[in-house]
Amino acid sequence: GTWKAMEELYKAGKIRAIGVSNFLPHHLDVIFENCIFNTVKNTGTNNLYAGVVCGTNAGVISNVIVKNSKIEKINLGSLEADMVYTVNAGVVCGLSESGSLIEKVGVVDSSINCTVETKYEKAIAYVGGLIGIANTKISNCYVRGLTINSNAAANKGTLGIQKGESTSYVGGLVAKLSSGNSIEYCLVYNLQLSSNVQMVKQ
């Protein structure tokens, strides 16, 4: 009840983020059993970080199971400035920062549907089962029964002068693992991935 009410406030734009503190795995089970993020939309900046547990992680995420969760639509839309538009998404978090830790985390029977569209030069999507971009070590984690659909579409160039770029990075655990970090003792199974990039003439 309370979490659903917070989701409604988030979707209405009345709050900027939803989070928890001092929760044990069985507390999170109650939330993740039926939580749904219908739309995560950003129309003012060029980066968006989306996850069921958190958007970005600068601390420790440990002993967490996320199940039956859906990020149904992440869509930057057709924005109005000439820059790079990036979506970083994962069932756990969109970005795990340097110095953070992800361990003993499971994702079960969940899905992400990510679309990046822009009228302008570059559209980039990083979509992972756990994390979009990982600047940290990941250990003892698993992903089971996950569906990821990732799509990126950008214009070929303003007035045909500049070269456009659409890129989609998709991974069962992470879309991008930064240099100097590692993935250890992890398991991925029953995974479905779909990725599409598109260039659109203006």
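## Briefing: a parallel sheet, two cores and a stacked tyrosine pair

N140 is partly exposed, with a relative accessible area of 40%. Welcome to a quick tour of this structure, which is a predicted model. N140 is a handy place to start, as this residue has a positive phi of about 55° although it is not a glycine. From there we can visit an open sheet of 4 strands, a nonpolar core of 30 residues and the 1 aromatic pair that a search of the whole structure finds.

**Residues with positive phi**

- N140 sits in the loop between β11 (138-139) and β12, and N140 is also among the residues that V105 touches.
- K104 is another non-glycine residue with a positive phi, in this case near 50°.
- Unlike the loop residue N140, K104 belongs to a strand, β8.
- With 45% relative accessibility, K104 counts as partly exposed.

**The open parallel sheet**

- The sheet is built from 4 strands in the order β3-β7-β10-β14, and their pairing is parallel.
- Its edges are β3 (54-57) and β14 (174-177), each with a single partner strand, so one side of each has no neighbour in the sheet.
- From one strand to the next, the twist averages 5°.
- As background, strands of a sheet pair through backbone hydrogen bonds, either parallel or antiparallel.
- β3 and β7 run parallel and are joined by 3 bridges; here T56 has L95 in β7 as its bridge partner.
- β7 (residues 93-96) also pairs with β10 (residues 131-134), again in the parallel sense and over 3 bridges.
- Two residues of β10 can be matched across this second pairing: I133 stands opposite L95, and A134 stands opposite S96.
- L95 therefore makes a good landmark for your viewer, since the strands β3 and β10 that it faces each stand beside β7 in the order β3-β7-β10-β14.

**N57, a buried polar residue**

- N57 has its place in strand β3, which is one of the edge strands of the sheet.
- Is N57 buried or exposed? Its relative accessibility is 5%, so N57 counts as buried.
- A polar atom of the N57 side chain lies 2.9 Å from the backbone nitrogen of G59.
- Leaving out residues up to four places away in sequence, N57 touches C93, L95, S96, E97, S100, L101 and I102.

**Nonpolar cores**

- The largest nonpolar core has 30 residues, and V105, L130, I131 and I138 are those with the most contacts inside it.
- Two or more residues each come from β2 (47-50), β4 (60-67), β6 (84-90), β8 (101-117), β9, β10 and β12 (142-155).
- Which element gives the largest share of this core? That is β8, with 5 residues.
- V105 touches I61, V64, V92, L130, N140, C141 and Y142, when residues up to four places away in sequence are not counted.
- Another core, of 5 residues, lies apart from the largest one and includes L95, I124, Y126 and A175.
- In general terms, nonpolar side chains in soluble globular proteins tend to be buried together.

**The aromatic pair**

- A search of the whole structure finds 1 aromatic pair.
- Why does the pair count as stacked? The ring centres of Y126 and Y169 are 4.8 Å apart and the planes meet at 5°, which is under the 30 degrees used for stacking, so the pair is stacked.
- The two tyrosines link distant parts of the chain: Y126 lies in strand β9 (residues 122-128) and Y169 in strand β13 (residues 165-171), 43 residues apart.
- Y126 counts as buried, at 12% relative accessibility, whereas Y169 counts as partly exposed, at 38%.
- Y126 also connects this topic with the previous one, being among the residues of the core of 5.

**S195 and its surroundings**

- S195 is located in strand β16 (residues 187-200).
- Its relative accessible area is 45%, so S195 is partly exposed.
- S195 and N151 are 44 residues apart in sequence, yet their C-alpha atoms are 5.7 Å apart in space.
- Setting aside neighbours within four places in sequence, S195 is in contact with S150, S168 and V170.

Notes
Residues are numbered from 1 along each chain as its sequence is written. This is a predicted model: local features need pLDDT of at least 70, side-chain atom pairs count only at pLDDT 80 or more; totals for chains, interfaces and linings use all residues. Side-chain values use heavy atoms; hydrogens and water are left out. Axes are lines fitted to C-alpha atoms, for helices over the stretch in contact, and angles run from 0 to 180 degrees between N-to-C directions. Rings of Phe, Tyr and Trp (its six-membered ring) pair if their centres lie within 6.5 Å; planes under 30 degrees apart count as stacked, over 60 as edge-to-face and the rest as tilted. Buried means under 20% relative accessible area, exposed over 50%, partly exposed in between (1.4 Å probe, protein chains only). A nonpolar core is a set of buried Ala, Val, Leu, Ile, Met, Phe, Trp, Tyr and Cys residues joined through side-chain atoms within 4.5 Å. Contact means heavy atoms within 4.5 Å. A polar contact is a pair of N or O atoms within 3.5 Å; within protein, one must be able to donate a hydrogen and the other to accept it, and residues adjacent in sequence count only if both atoms are side-chain atoms.
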